[in-house]
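Got the viewer open? Let's take a walk through this one, a selection at a time.

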Amino acid sequence: MDISTLSAHLGLDLVAVSLLTFAVFCPRHRRRELVPAYLALNVALFAVVAALSEASGGGGLALGFGLFGVLSIVRLRSDSVRHQEVAYYFTTLVLGLLCGLPGLSLPLAAGLSGVLLLVMYVGDHPRLYARDRRALVTLDAVYRQEDALRAELTRRLGEPLGWTVQEVDYVRDLMVLEVRFRQPEPMAHDEEFVRVTPPYAKEAA
C-alpha cells in the first residue's frame with residue numbers, strides 16, 4: 001500500500017469513526033469517557049492492520065494470526081459496559097479493519113463503512129423502543145409465584161418484559177432482580193408540578 005492509498009484509507013477511517021463517535025454515540029449516550037477508547041481502539045487497529053500487511057508482504061495467513069493476537073487482548077466486561085456500548089466497540093473495531101485492509105479498494109471500504117454507520121444509526125435510534133427500560137430492583141418480599149411477582153413489578157414499574165433474579169435472601173426477606181420493563185404512557189390528566197405559596201407565607205410577607 002503506497003503512501004497516497006494509505007492516506008486515503010486513513011482519512012476514510014477517521015471520517016467514519018468520527019461520525020460514529022461524535023454524531024451518533026455522544027448525542028445519544030453522553031459517555032464522554034468512552035470517546036478516547038473508541039478513537040484509540042479504531043486508529044490503533046488501523047495502524048496494526050496496515051503495518052502487518054506491509055511486514056508480511058500482503059500474506060493473508062500472517063495478517064490473520066497477527067489480528068487474532070491483537071483482538072485476543074480486548075476484554076469487555078458485561079457488568080461494567082452496557083450492550084449498546086459493546087456494539088459501538090465492535091463497530092469501531094470493524095471500521096478499523098475495513099479501512100486498514102490493503103486488499104479492499106477505497107470505494108468498497110467506504111461502502112461497507114457506510115452500511116455499518118447506517119445500521120448503528122437506525123439500530124440505536126432513540127425512537128426505537130423508546131419506552132423500554134432496564135433497572136435493578138430490590139423487593140422487600142420473596143415472591144414464589146410468577147403471577148404475583150409480575151403484578152408487583154407492573155404496579156411499581158410498568159409492563160415487565162422479563163426479569164433475571166440476581167439474589168434471594170430469606171433471612172432479610174428480600175429479592176433483587178434485573179428487570180426489563182416498558183414505561184406506561186403518560187396520562188392525559190397528568191400535570192406539571194406547580195409550586196403554590198401557602199396563605200400563611202403571604203401574610204407573613
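Start by selecting Arg180: this residue is partly exposed, with a relative accessible area of 44%. (Buried means under 20% relative accessible area, exposed means over 50%, and partly exposed is in between, using a 1.4 Å probe and protein chains only.) Arg180 sits in strand E3. Here strands (E, at least two residues) and helices (H or I, at least four) are DSSP runs, numbered from the N terminus.

Before you go further, know that this is a predicted model, in which local features need pLDDT of at least 70, side-chain atom pairs count only at pLDDT 80 or more, and totals for chains, interfaces and linings use all residues. Residues are numbered from 1 along each chain as its sequence is written, and side-chain values use heavy atoms, with hydrogens and water left out.

**Around Arg180**

Now show what Arg180 touches. Leaving aside neighbours within four places in sequence, Arg180 is in contact (heavy atoms within 4.5 Å) with Arg133, Arg134, Glu159, Pro160, Leu161 and Gly162. Pick Leu161 from that group: Leu161 and Arg180 are 19 residues apart in sequence, yet their C-alpha atoms are 5.3 Å apart in space.

Slide back to Asp173, in the loop between E2 and E3. Its phi is positive, near 55°, and Asp173 is not a glycine. Most residues other than glycine have a negative phi. Asp173 is partly exposed, at 38% relative accessible area.

**Helix H6**

Next, select residues 146-156, which form helix H6. Which residues of H6 are buried? They are Leu149, Glu152 and Leu153. Look down the axis of H6: the buried residues fall within an arc of 95° (taken from the directions from the helix axis to the C-beta atoms), so they line one face of the helix. An α-helix has 3.6 residues a turn, so residues three or four places apart point the same way.

Spin H6 to the face turned away from its buried side, and you'll find the exposed residues Asp147 and Arg155. The buried residues, for their part, pack against strands E1 (132-139), E2 (159-169) and E3 (174-182). After H6 comes Gly158, with a positive phi near 140°.

**Two cores**

Time to look inside. A nonpolar core is a set of buried Ala, Val, Leu, Ile, Met, Phe, Trp, Tyr and Cys residues joined through side-chain atoms within 4.5 Å. The largest one has 13 residues, and those touching the most other members are Leu20, Phe25, Leu34, Tyr38, Tyr88, Leu95 and Leu117. Helices H1 (3-29), H2 (35-55), H4 (83-100) and H5 each give two or more residues to this core. H1 gives the most, with 5 residues.

Keep Tyr88 selected. Setting aside neighbours within four places in sequence, Tyr88 is in contact with Leu20, Val24, Phe25, Arg28, His29, Tyr38, Met120 and Asp124. Apart from this core lies another, of 8 residues, including Leu149, Leu153, Val179 and Phe181.

**Along H1 and just past it**

Select Thr21, a residue of helix H1. Is Thr21 buried or exposed? At 0% relative accessibility, Thr21 counts as buried. Not counting residues up to four places away in sequence, Thr21 touches Cys26, Val35, Tyr38 and Leu39.

Cys26 is buried too, with a relative accessible area of 18%, and Cys99 is buried at 0%. If you're hunting for disulfides (pairs of cysteine sulfur atoms within 2.5 Å), a search of the whole structure finds 0.

Then click Arg30, in the loop between H1 and H2. Arg30 has a positive phi of about 55° although it is not a glycine. At 68% relative accessibility, Arg30 counts as exposed.

**Zoom out**

Show the whole chain as a cartoon: there are 7 helices and 3 strands, in the order α-α-α-α-α-β-α-β-β-α along the sequence. Of the 205 residues, 29% are buried.

Finally, color by pLDDT, the predictor's confidence in each residue, from 0 to 100. The mean is 78, and 74% of residues reach 70 or more. Confidence is highest in helix H5 (residues 106-123), at a mean of 92, and lowest in helix H7 (residues 199-204), at 47. Over residues 200-205 the pLDDT is below 50, and beyond near neighbours in sequence this stretch has 1 contact in the model. Where pLDDT is low, the predicted coordinates should not be read in detail.
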